[in-house]
Amino acid sequence: MKRLVYFNLPHDYIIQQLAKYPALKVITPTSQAARALKVPHQSLETLAKPSMVEAGIRVAPTLMALRLLRTSVSTVIQTSDIEGTTRSVSSAVKAILRAGINLKSLAVVSSNRTQQLALLTQTYVSLLREKGMIDPAEVLWQASDVIAKRQPVLIYGYFHPRIDQLNFLNAIADDGSVIVLPCPKSSHFVDIQKAVEWLQQQGWEIPVLEETNPSVGKQLQDCFLNGTIAPPEVKAHIYPNLELEVRGTLAQVKNLLSKGTPANEIVLVARDDAFYGPTVLDVAYEYKLPVRALYGVALNATRLGAWVQLLMQVIQEKFPFELTARLLRHPLCFALSAQVWQEARKKHPSDLLAWQSLGVNLSLLDWPHEDTRANWVQRMQDVLIKFNLRQGAGRWAREIVAYYEFDEVLVDLSKPEEEVIGLGEFAADVIGSLGLVTVPAQPGRGGVELHTPLSLFGAKFQHVFVLGAVEGILPAPVQDDPILDFYERKLLRQLGFDFEDAAQAARREVISFYALLQTTTQNLTFSYSQMIGKEATLPSPYLSRLRLQAVQPPPLPVASLEEARQIYLRRGTLLEDEVLPQAVHAWNVEKCREGANSCDEYDGVIGLPLDPYRRVFSASQLTALGQCPFKWFANKVLKLAELEEAEEELSSGLRGSLYHRSLELALLNTSDLFRIAEKLETAFLQAEQDLQLPVLSAWEARRTEHLKVLNRACVQPDFCQPEAEFFHVEQEFTGEWYGLKVKGQIDRIDRTPQGLVLLDYKTGSQAPKGIKDESGKTNLDIQLPLYTHFASTTLFPGETVHEAYYYSVTKGKKLAKKQPSQETLEAIAQKIKTYLQTGYYPVAPDVDQNACQYCPYDLVCRKGSRQSRKGINL
């Protein structure tokens, strides 16, 4: 029997022939092509495996190959970035090995870059051979040399065969073998025409087979090449943006499924499936559509990979708070209870003992500086078991696949088992492997699949939906290799080296699209979005070659409950749904908040009175009420507060407390204001202890700077007036102010011949903001008037307050602040009483939004332009 090359053999005819010749082994590049022929999937690489095993040739595992290539790079190339260089040269080395280039001939070309690349590849291959291995890119070449027995095969789906694939199939194909190739008379298929000529030279023959009833796919291919009219089963739809494109397409898919079309007869196609994949999966989840996305996601982009990377950082950096907390609270393990987490935030443990003091035992992560590979891997496996990662990963299909893939990675990392390496090297191997090994984005069984055109060579589906038919995606731009670029390849091709050039790469894209057209047996629908992100798009040039004019998609039933809620929300009618009534309520609240209506209970105007005469206020509370009533309401009524967090830096608040306490202790140790500087250092050290100051970087040097600030402040004229005597420090008071109960504390009180002098220390360079005046600016100070009032009436009746002022410790001077009149103060007190008695706490900060500067309630109040629509001037 002869070996035959068929052009565009109909798959129905192939199925008939397979029934006549059951001994014919079918070889396809993908399981989709095998499914079209109703046979088990077997690829050329699978076919080569028995010959390799029989010859004792082993294929290097991915991590071993990477390790040896990294060693080769460090030997041949002088670079400080071995990891980056290895990644850069990897594709070029694979291209050389896959093309079967003679390395000795390549090493003597005139290009220095190519010579270095050839030497690098030779070194890499030598290291592989020392271990009795080959690179995966060499498999078909090596198998071709060791084939012991040829066999009849049918090669289907390899529509753009590489030279190593041609060489291998020619070597293994016995008489009666068949290969199917698309080979129309077109300049786009010159590479396949050359492949056919080579096969003819090897004894293959080309029979003539007439196709009497061309399929939809065949008609489309003729249209693409010859400009004939496209069949009516082919459409192109246009959408405003990518999400609507995906929604529109999946709605059509769901409609087909509801009509009984099997899921395995529908396929989604995207040239850049990784780009479209996340949106497709998100919308499919909403639509409750079974969609599988098989594009590869690196382990370091999975939850498991992120956890492993965190683990290695925590181990190497010895349990820093942020990283360790993220590790222990990761969704895969969640090893911190809410109570322990609350304590951890207060204390910020940053070493093994500190974490153990909270009851968190991390001794399993206290690894040595070096160990054998086998022991390192055993430690890692113990950690995975301890944190129950397999059960955590089991909640997601992709994560459990990633778990088992990582388990296989650890097996490779353990070899050679007795090799002793450092912790840093093992961590680098682990993290590097996470970027090499991939898992399907959405694994599983059944459902509608998302593919690229390349992965559908030879496949057949009733309904094909092609996403992203825009210029720049379909066809994909030709990518240049950073090491073996197209110019270099052009020069090498002139010397007889068979590298793929730019024209071949472009023709490969045309062939993949041509093959995609034959995938459909009933309907083919293209779609594209007018905008991707913020960029406008143009339709793919392939659509014009098919003479397709994009139109608006037809109306379809609502595809998800979420979309139905959006529609009914605007209609004002209710759907039988548990969520919709709450959604309608929230929608109405938002309309009111964003509209011109006056503030309601969702903007702080709750209408529930509070008795102002039963509450005790501080100066800061009264200031908050006068700056923005909602700020006080959120804090004192709703009791909203940020979680307590340990200070790791000297914040402005902590610095103020430190300065206040230091000055207080220094004054208590001496009654002479002019000798206070002598006591500052001792007082400062005591203040650190009293405030439990956290460990701060370079604190010894920084303490000196802070003491200089305090010393300078204490010798300035404004710090103590002439003839002034220290009287009291941190003097507390409680009393009544215009009917309101108020309590507070005065930082310092001096006595002078003219009367009492009240000081309030500030670490800022400006006087604090007051409450709003009639123009909405924070100009009215009530803190010093309060101090003056209670000093003269409650604390020291009958004594005169000569002066009260703010003193900037950092600037060493008074901070001027105009004092309001008694009438103004009384009006302020009355307004505050009215707020409480009427339950009126609107979101109404001052016009300069000084009240918002350090306010922690911005996510609750959501201030913005909406206030102006309500007549509130910001």
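## Ser 186 and its surroundings

Leaving aside residues up to four places away in sequence, Ser 186 touches Gln 193 and Leu 225. The model described here is predicted. Ser 186 sits in the loop that runs between strand E6 (178-181) and helix H10 (190-201). With a relative accessibility of 15%, Ser 186 counts as buried, because the cut-off for that class is under 20% relative accessible area.

## Val 59 and its contacts

Val 59 belongs to strand E3, which covers residues 58-59. At 39% relative accessibility, Val 59 counts as partly exposed. Its contacts, not counting residues up to four places away in sequence, are Met 52, Ile 134, Pro 136 and Val 139.

One of these contacts, Pro 136, lies 77 residues from Val 59 along the chain, while the C-alpha atoms of the two are separated by 6.0 Å.

## Aromatic pairs

A search of the whole structure finds 27 aromatic pairs. In one of them, Tyr 156 and Phe 159, the ring centres are 5.7 Å apart and the planes stand at 90°, so the pair is edge-to-face. Tyr 156 is buried, at 3% relative accessibility. Phe 159 is buried as well, with a value of 5%.

Another pair is formed by Phe 727 and Phe 796, whose ring centres are 4.9 Å apart and whose planes are at 40°, so this pair is tilted. The two residues are 69 residues apart, and their pairing links distant parts of the chain. Phe 727 is in strand E18 (residues 725-737), and Phe 796 is in the loop between helix H32 (783-795) and strand E23 (801-808). At 23% relative accessibility, Phe 727 counts as partly exposed, whereas Phe 796, at 10%, counts as buried.

## An aromatic cluster and charges over rings

One aromatic cluster is made up of Phe 617, Phe 630, Trp 632, Phe 633 and Tyr 841.

Aromatic rings also take part in arrangements with arginine. The charged end of Arg 303 sits over the ring of Trp 396, at 4.0 Å from the ring centre. In a second case, the charged end of Arg 748 sits over the ring of Phe 719, and the distance to the ring centre is 4.4 Å.

## Helices H12 and H13

Helix H12 (residues 242-258) and helix H13 (residues 273-287) have axes that come within 10 Å and cross at roughly 50°. That angle makes H12 oblique to H13. The crossing in which H12 passes H13 is right-handed.

On the H12 side, the contact is made by Leu 242, Glu 243, Glu 245, Val 246, Arg 247, Leu 250, Ala 251 and Lys 254. On the H13 side, the residues are Phe 275, Tyr 276, Thr 279, Val 280, Val 283, Ala 284, Glu 286 and Tyr 287.

## Cis peptide bonds

The peptide bond from Lys 415 to Pro 416 is cis, with omega near -5°. Pro 416 is in the loop between helix H20 (397-413) and strand E11 (420-422).

The peptide bond from Leu 474 to Pro 475 is also cis, and here omega is near 0°. The loop that holds Pro 475 runs between strand E14 (461-467) and helix H22 (486-494).

## Positive phi angles

Lys 38 is a residue other than glycine with a positive phi, near 60°. This lysine, Lys 38, is found in the loop between helix H2 (31-37) and helix H3 (44-55). At 69% relative accessibility, Lys 38 counts as exposed, because that class begins over 50%.

His 348 is not a glycine either, yet has a positive phi of about 50°. The loop that holds His 348 joins helix H16 (338-347) and helix H17 (352-357). His 348 is buried, with a relative accessible area of 10%. Of these two residues, then, Lys 38 is exposed and His 348 is buried.

Terms used:
Residues are numbered from 1 along each chain as its sequence is written. This is a predicted model: local features need pLDDT of at least 70, side-chain atom pairs count only at pLDDT 80 or more; totals for chains, interfaces and linings use all residues. Side-chain values use heavy atoms; hydrogens and water are left out. Rings of Phe, Tyr and Trp (its six-membered ring) pair if their centres lie within 6.5 Å; planes under 30 degrees apart count as stacked, over 60 as edge-to-face and the rest as tilted. Buried means under 20% relative accessible area, exposed over 50%, partly exposed in between (1.4 Å probe, protein chains only). Helices (H or I, at least four residues) and strands (E, at least two) are DSSP runs, numbered from the N terminus. A charge sits over a ring if NZ of Lys or CZ of Arg is within 6 Å of the ring centre and within 35 degrees of the ring normal. Axes are lines fitted to C-alpha atoms, for helices over the stretch in contact, and angles run from 0 to 180 degrees between N-to-C directions. Angles under 35 degrees count as roughly parallel, over 145 as roughly antiparallel, 65 to 115 as roughly perpendicular and the rest as oblique. A crossing is left-handed if the near helix is turned anticlockwise from the far one by less than a right angle, and right-handed if clockwise. Contact means heavy atoms within 4.5 Å.
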